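Q: Please take a close look at one part of this structure for a reader who is new to it. The part of interest is the main nonpolar core, together with its setting in the chain.

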Amino acid sequence: MSFACSLLGYNVTAVAFAAFLTASLTFVGAAMGISAQKKAHAELERSEQRYRHLFSRMPIALRQLDGSRLVVLFRKLRAEGVKDLGAYFDNHPNFLQTCMDALSFQEANDRAVQMFGGGGANGYAGRSMADTWKVRPDTFRRAMESRFRGETNFEEETRMVTWDDRVVDVLFTTARVGPINDLEISLVGTIDISQRIRAEERLRQVQAEFAHAARVSILGELTASIAHEVNQPLAAIATNGAAGLRWLSRPVPDLVEVRSAIENMIADTRRAANIVARVHGMASRKAPEPARLTVDDIVREALVFLRHELESHAVTILHRPDPSAPQALGDRTQLQQVIVNLAINAVQAMTQAGRDDRRIVITTTMQDPSTLCCSVEDNGPGITTEHVDRLFESFFTTKESGMGMGLPICRSIVEAHGGRIGAESHGSEGGARFWFTLPTSTAAPSS
């Protein structure tokens, strides 16, 4: 260095110092880089350790999935121009199974092993999702559609199959974590809700028993009406039978008249049989049978039960149907019970108030394109303000002999059909107005 510096005319000391300073700075920079790398590595290890603690100790069944192959499948679909995965599933039914096979389990925490079995946490590695969704592939399909849309989370109450072939009711949640160690990772969380589901089923059973008891009680109140309705066709049958015999007893039997009398007898017999069938349906303890039905037809059938009751209390009833209203999905007997109960309440309120001009108006309208609304209004005294908010509470009643179960049962029935029920103290007729909504058959959730 001295020889080179002398040739070039440089100061040896200055150059040596510069070289030393450069080397020192390089060393310090390297040392600082190594220190930063160590610090970042240590932080990464701590972060991974925290994740491991959370994963293993969370009181929720957690399973980690490798979704790398699924990501490849989705990229291929997008490259082919697929934008709606639901439509693609419809046109390629086998692709749902392909998606299941593309997701494999990597790890499971202790709670997942307890819930799903499978021979310990190590027994999960590499297993496909297919067996898990044997009972509810529709949930898996919705989860895949959610993922294809780019949503980071999905949640649904559903049923899953365990590794030892049990079926459990669960709250299923999934979160897309993203790439970790070159793998596309997803976390699946499941909470066993079987006990809650059984409790809800028991509650529905109790509500159904109360509803049955209420229907039997209503039939007891309507005994006179039912007897009157049955007596009418029976009396007509007897009259037509006697007339037919007279036509046959003539010197020249009038077979045309006899035929007409017999046809009338058959029609009245069917009418009586229909009345008995409706009474039997109201009194039976059969399970609800959802079907597509027209709400205005339900109103007309309910009014058959009430006709004599309304006549005996001098109540005029006006039914304003909506012929253009779409059908709803529901149980005919239960919805008839709602109409009958609301109408009887109106009759009793007007009778207690001593009104001479008693009137009930039942109206069906469309609240919005997917919701039907049926209202029952009267011109009675209305509802006091302090009672409006308590009408649907169990055992609350304003009648001396009432049990306070009619309206709560109506609420249970309506809500079980996906609708709502409410009351107003003074409607357009001046008295109380009760209303309930139902989703149309196209909007009603499928079970």
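A: The chain exposes about 25100 Å², and carbon and sulfur atoms supply 56% of that area. The model is a predicted one. Its chain has 14 helices and 12 strands, and buried residues make up 40% of the 447 residues. Of the contacts in the chain with a separation of 6 or more, 67% are between residues 24 or more positions apart.

In soluble globular proteins, nonpolar side chains tend to be buried together. In the present chain, the largest nonpolar core has 39 residues, and the members that touch the most others are Ile360, Ile362, Phe434 and Phe436. At least two residues of this core come from each of the helices α11 (295–312), α12 (332–353) and α14 (406–416), and likewise from each of the strands β9 (358–368), β10 (371–378), β11 (421–424) and β12 (433–439). Helix α12 provides the largest share, 10 residues. Separate from this core is a second one of 35 residues, which includes Leu65, Leu77, Ala143 and Val168.

Isoleucine 360 offers a view from within the largest core. Its place is in strand β9. Isoleucine 360 has a relative accessible area of 0%, which is under the 20% cut-off, and therefore counts as buried. Apart from neighbours within four places in sequence, isoleucine 360 is in contact with Leu310, with Val315, Thr316, Ile317 and Leu318, with Ala343, Ala346, Val347 and Met350, and with Val376, Glu377 and Asp378. Isoleucine 360 also lies 9.9 Å from alanine 432, C-alpha to C-alpha, although 72 residues separate the two in sequence.

Threonine 437 belongs to strand β12. Because its relative accessible area is 4%, threonine 437 is likewise buried. Its contacts, leaving aside neighbours within four places in sequence, are Gln367, Thr371, Leu372, Cys373, Val414, Gly419 and Arg420.

Alanine 314 is found in the loop between α11 and β7 (315–320). Alanine 314 is not a glycine, yet it has a positive phi of about 55 degrees.

The second core leads to another region of the chain, since Ala143 is among its members. Helix α7 covers residues 137–148; at 1.5 Å a residue its 12 residues should span 16 Å, and the end C-alpha atoms are indeed 16 Å apart, so the expected and computed spans agree. Ala143 is one of the buried residues of α7, together with Thr139, Phe140, Met144, Glu145, Ser146, Arg147 and Phe148. Glycine 150, just after α7, takes a positive phi of about 90 degrees.

Val168, also named in the second core, has a position within the range of strand β4 (167–180), and the loop between β3 (153–161) and β4 holds aspartate 165. Aspartate 165 has a positive phi of about 65 degrees without being a glycine. Its relative accessibility is 55%, so aspartate 165 counts as exposed.

Nonpolar side chains also occur at the surface. Leu245, Leu248 and Leu255 form a nonpolar patch there, with about 320 Å² of accessible area together. Leucine 248 lies in helix α9 (residues 223–249), and its relative accessible area of 43% makes leucine 248 partly exposed.

Terms used: Residues are numbered from 1 along each chain as its sequence is written. This is a predicted model: local features need pLDDT of at least 70, side-chain atom pairs count only at pLDDT 80 or more; totals for chains, interfaces and linings use all residues. Side-chain values use heavy atoms; hydrogens and water are left out. Helices (H or I, at least four residues) and strands (E, at least two) are DSSP runs, numbered from the N terminus. The expected span of a helix is 1.5 Å times one less than its number of residues. Buried means under 20% relative accessible area, exposed over 50%, partly exposed in between (1.4 Å probe, protein chains only). A nonpolar core is a set of buried Ala, Val, Leu, Ile, Met, Phe, Trp, Tyr and Cys residues joined through side-chain atoms within 4.5 Å. Patches are made of residues with over 30% relative accessible area and no salt bridge: like charges are joined within 9 Å, nonpolar side chains (Val, Leu, Ile, Met, Phe, Trp, Tyr) within 5 Å. Accessible areas come from the Shrake-Rupley method with a 1.4 Å probe; for residues, only the protein chains shown count as cover. A salt bridge is a side-chain nitrogen of Lys or Arg within 4 Å of a carboxyl oxygen of Asp or Glu. Contact means heavy atoms within 4.5 Å.
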